[in-house]
Amino acid sequence: MNGKTLITAILVILGGFLALKIIGVALGTIIFFLFPFILMGLGYIGMKNDKTFIGGILFAIGLIMLLSKLSGMIYLLAAIALIVWGVSLLMRKKNVY
């Protein structure tokens, strides 16, 4: 990467961060949600490079962090699944012989 390309990339990234701040999205919020994926990616790279122990630990920590951040959505999906299952049991026709 030459100097012009690096400066251009930095300017684009800075402009994007400023635009996000104007819109109302803070950089901390984005990193808060991306950090588990970053850890999982680093863990995957570590496992591919024969560092399975460290890579596995990083991947597991990232996965646990991701599940904790998505727990509200998981609970909502479980509640919807239980409601659908209950309604399907109520709507099932009883076979009388």
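This report describes the overall form of a predicted model and then two of its helices, α2 and α3.

**Overall form**

The protein in this predicted model contains four helices and zero strands, and its pattern along the sequence reads α-α-α-α. A compact globule of 97 residues would have a radius of gyration near 13 Å, whereas the value computed for the protein is 23 Å. Along the principal axes, the C-alpha atoms occupy a box of roughly 85 × 45 × 20 Å.

Burial and surface can be stated for the whole chain. Of the 97 residues, 8% count as buried. The exposed area of the protein is about 8,400 Å², and 78% of that area is supplied by carbon and sulfur atoms. When contacts between residues at least 6 apart in sequence are considered, 32% of them join residues at least 24 apart.

**Helices α2 and α3**

The table sets out the lengths of the two helices.

| Helix | Residues | End-to-end C-alpha distance | Expected span at 1.5 Å a residue |
|---|---|---|---|
| α2 | 22 residues | 30 Å | 32 Å |
| α3 | 18 residues | 25 Å | 26 Å |

For α2, the distance from the first C-alpha to the last is close to expectation. For α3, which covers residues 52-69, the distance between the end C-alpha atoms likewise agrees with the expected span.

Helix α2 carries a kink of about 40° at L34, shortly before the proline P36. P36 is itself one of the buried residues of α2, together with L39, M40, G43 and G46. The cover over these buried residues of α2 includes α3. After α2 comes D50, which has a positive phi near 65°.

Which residues of α3 are buried? They are G55, G62 and L66. Because these residues cover an arc of only 40° around the axis, they lie on the same side of α3. The partner against which the buried residues of α3 pack is α2, residues 27-48. On the face of α3 turned away from the buried side are the exposed residues F53 and I64.

**Two residues of α2**

G46 and Y44 both belong to helix α2, and each can be described by its accessibility and its distance to another residue.

Is G46 buried or exposed? Its relative accessibility is 14%, so G46 counts as buried, the cut-off for burial being under 20%. Apart from neighbours within four places in sequence, G46 is in contact with K51, T52 and G55. Of these contacts, G55 is also among the buried residues of α3. A separate distance concerns S71, which is 25 residues from G46 along the chain: the C-alpha atoms of the two are 27 Å apart.

Y44 has a relative accessibility of 48% and therefore counts as partly exposed; the exposed class begins over 50%. In sequence, Y44 and G56 are 12 residues apart, and their C-alpha atoms are separated by 7.6 Å in space.

**Summary of the α2 and α3 pairing**

The description of packing can be read from either helix. The buried residues of α3 pack against α2, and α3 is included in what covers the buried residues of α2. At the level of single residues, G46 of α2 is in contact with G55, a buried residue of α3.

Key. Residues numbered from 1 in each chain as written. Predicted model: local features only at pLDDT ≥ 70, side-chain atom pairs only at ≥ 80, totals over all residues. Heavy atoms only, no water. Expected span 1.5 Å × (residues − 1). Buried < 20%, exposed > 50% of the residue type's maximum accessible area, 1.4 Å probe, protein only. Arc of directions from axis to C-beta. Contact = heavy atoms within 4.5 Å. Rg over C-alpha atoms; globule rule 2.2 N^0.38 Å. Areas by Shrake-Rupley, 256 points an atom, 1.4 Å probe, with all protein chains shown as cover. Bend = angle between axes of the 7 residues up to and from the residue.
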